[in-house]
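Work through the exercises below with the sequence and the model open. Each task is followed by a solution in steps.

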Amino acid sequence: MAVEMTMPILVVDDYKTMIRIIRNLLKQIGFENVDEAADGQEAYEKMQKSKYGLVISDWNMEPMTGYELLQKVRADETMKSTPFIMVTAESKTENVVAAKRAGVNNYIVKPFNAGTLKAKMSAVLGDF
Amino acid sequence: MPAANVAAQVRTSLASLKASDLQDAQIMEVLKLAHQLTDTMKLFFSSLDQSICQEFNYIADYISRTRDEIAALRPNDIKTSRIPSAGVELEAVVGDTEKATETIMSAAEAVLCEESTDYDEYRANVEARMMTIIEACSFQDLAGQRVSKVVNSLRHVESRVARFADVMGVRDADGYESDAEKAEKARNEKNLLNGPAIGGPETSQDDIDAMFADAAPAPDLDQSSIDSLFD
């Protein structure tokens, strides 16, 4: 199925700079409908109100981490199938394994570039 | 005369008194016994005083040495100068890097949005913004100097504390975490919060990709493949 380039994407990170970087990268690869949240709690509240085609989330945030957000999303019937990519500085194998077990669709370690983001999004959403 | 010998004499005198008819006990005998008892007690308390005195002297000496070592730590200097200034320097680093990032990103976004169709004008605009980015990168110099100052302060504190611990023979004790520290530690463990690794990611992107490749969904079947299932 063709990827809908206007789909809303939710970017979750407590650093505004990182959100800005991801927003710019997404724009470069053709996605401009981007919403943002500063932590897992805010993201979850937004997801309860709107449907997103993809969530791109950091891990280490307060009060709710991206890991906790992932677990909540996958436990919620209304949003459990939302594609979820973790973009994080957490690079231990235990983190990757835990995220995979929790149902993450893909995992990007920081620092990363536009090519990596596009490749992982394609792996999750399909070619675009 | 040692206390033990006096005590033995007292026992002997008491035994002799008991053996004799107490009605005939002479006052002098009783007084003699009382003196012997007093001497015994004097010797006993004298030795006790000396022993306690020595203990107190040792404790006073230890307290005095501990005070000297704590003074050598210069805790007031650490508390009022070194730690606060390290905090200020780090806050300045955060501020400086934030400003530089804003400048760099704005310049980059402006270049990406540049719509001039005139080559010379386009080139001039791009060059101007590239120079802005290059100039903004000077934040690394200032940030590096500030972080070096903080590292020096931390090394200073570390060496003083290490010396104190060595000289006093101090070992770490359990149970000194505040409730807030315990809660943070528990949260970090539950959420696997390790932070960025030193020297680059601990697990490479290629290794991560390999972990996800195993779980790649089966490709969609085309129509002829589907049809063949019904033959």
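**Exercise 1. Chain B as a whole**

Task: State what share of the 231 residues of chain B counts as buried, and describe the secondary structure of that chain.

Solution. The model is a predicted one. Of the 231 residues in chain B, 2% count as buried. Chain B contains 8 helices and 0 strands, and read from the N terminus its elements run α-α-α-α-α-α-α-α. Among the contacts in chain B with a separation of 6 or more, 75% are between residues 24 or more positions apart.

**Exercise 2. Two helices of chain B**

Task: Determine how α2(B) and α5(B) are oriented to each other, and list the residues through which they meet.

Solution.
1. Helix α2 of chain B covers residues 27-73 and helix α5 of chain B covers residues 139-168; their axes come within 9 Å and cross at roughly 165°.
2. Angles over 145 degrees count as roughly antiparallel, and α2(B) and α5(B) are therefore roughly antiparallel to each other.
3. The crossing of α2(B) and α5(B) is right-handed.
4. From α2(B), the residues B:Thr66, B:Glu69 and B:Leu73 meet B:Arg160, B:Phe164, B:Val167 and B:Met168 of α5(B).
5. This contact of α2(B) with α5(B) is made up of 4 nonpolar, 1 polar and 2 charged residues.

**Exercise 3. Two helices of chain A**

Task: Repeat the analysis for α3(A) and α4(A): are they roughly parallel or roughly antiparallel?

Solution.
1. The axes of α3(A) and α4(A) come within 9 Å, with a crossing angle of roughly 20°.
2. The limit for roughly parallel is an angle under 35 degrees, so α3(A) and α4(A) are roughly parallel to each other.
3. The crossing of α3(A) and α4(A) is left-handed.
4. On the α3(A) side are A:Tyr67, A:Leu70, A:Gln71 and A:Arg74, which meet A:Ala98, A:Ala99 and A:Ala102 in α4(A).
5. By class, the contact of α3(A) with α4(A) has 5 nonpolar residues, 1 polar and 1 charged.

**Exercise 4. The contact between the chains**

Task: Find which elements of chain A supply at least two residues of the side that touches chain B.

Solution.
1. Chain A gives 21 residues to the contact and chain B gives 17 residues.
2. In chain A, α1 (16-28), α3 (66-75), α4 (93-102) and β5 (106-109) each supply at least two residues of the side that touches chain B.
3. The largest share of that side, 6 residues, comes from α4(A).
4. Sorted by class, the side of chain A that touches chain B has 6 nonpolar, 9 polar and 6 charged residues.

**Exercise 5. A:Ile56 and the nonpolar core**

Task: Decide whether A:Ile56 counts as buried or exposed, and place this residue in the largest nonpolar core.

Solution.
1. A:Ile56 lies in strand β3 of chain A, residues 54-57.
2. A residue is buried if 20 or more other C-beta atoms lie within 10 Å of its own. A:Ile56 has 27 C-beta neighbours inside 10 Å, so A:Ile56 counts as buried.
3. Leaving out residues up to four places away in sequence, A:Ile56 touches A:Ile9, A:Val11, A:Ile22, A:Ile85 and A:Val87.
4. The largest nonpolar core has 36 residues; A:Ile9, A:Leu10, A:Val55, A:Ile56, A:Ile85 and A:Met86 touch the most other members. The element that gives the most to this core is α1(A), with 5 residues.
5. With the same sequence limit, A:Leu10 touches A:Asp35, A:Ala37, A:Ala43, A:Lys46, A:Met47, A:Tyr52 and A:Val55.
6. In soluble globular proteins, nonpolar side chains tend to be buried together.

**Exercise 6. Backbone exceptions**

Task: Locate the cis peptide bond that joins A:Glu62 and A:Pro63, the one that joins A:Lys110 and A:Pro111, and the positive phi of B:Leu192.

Solution.
1. Most residues other than glycine have a negative phi, and most peptide bonds are trans.
2. The bond between A:Glu62 and A:Pro63 is cis, with omega about 5°; A:Pro63 is in the loop between β3 and α3 of chain A.
3. The bond between A:Lys110 and A:Pro111 is also cis, with omega about -5°. A:Pro111 is in the loop between β5 and α5 (114-125) of chain A.
4. B:Leu192 is not a glycine, yet has a positive phi of about 55°. B:Leu192 sits in the loop between α6 (179-190) and α7 (205-213) of chain B.
5. B:Leu192 counts as partly exposed because it has 18 C-beta neighbours inside 10 Å.

Note on methods
Residues are numbered from 1 along each chain as its sequence is written. Chains are lettered from A and ligands numbered from 1 in the order in which they are written. This is a predicted model: local features need pLDDT of at least 70, side-chain atom pairs count only at pLDDT 80 or more; totals for chains, interfaces and linings use all residues. Two residues are in contact if their C-beta atoms, placed from the backbone, lie within 7 Å. Helices (H or I, at least four residues) and strands (E, at least two) are DSSP runs, numbered from the N terminus. Ala, Val, Leu, Ile, Met, Phe, Trp, Tyr, Cys and Pro count as nonpolar, Asp, Glu, Lys and Arg as charged, and the others, Gly among them, as polar. A residue is buried if 20 or more other C-beta atoms lie within 10 Å of its own, exposed if 12 or fewer, and partly exposed in between; C-beta atoms are placed from the backbone. Axes are lines fitted to C-alpha atoms, for helices over the stretch in contact, and angles run from 0 to 180 degrees between N-to-C directions. Angles under 35 degrees count as roughly parallel, over 145 as roughly antiparallel, 65 to 115 as roughly perpendicular and the rest as oblique. A crossing is left-handed if the near helix is turned anticlockwise from the far one by less than a right angle, and right-handed if clockwise. A nonpolar core is a set of buried Ala, Val, Leu, Ile, Met, Phe, Trp, Tyr and Cys residues joined through C-beta atoms within 7 Å.
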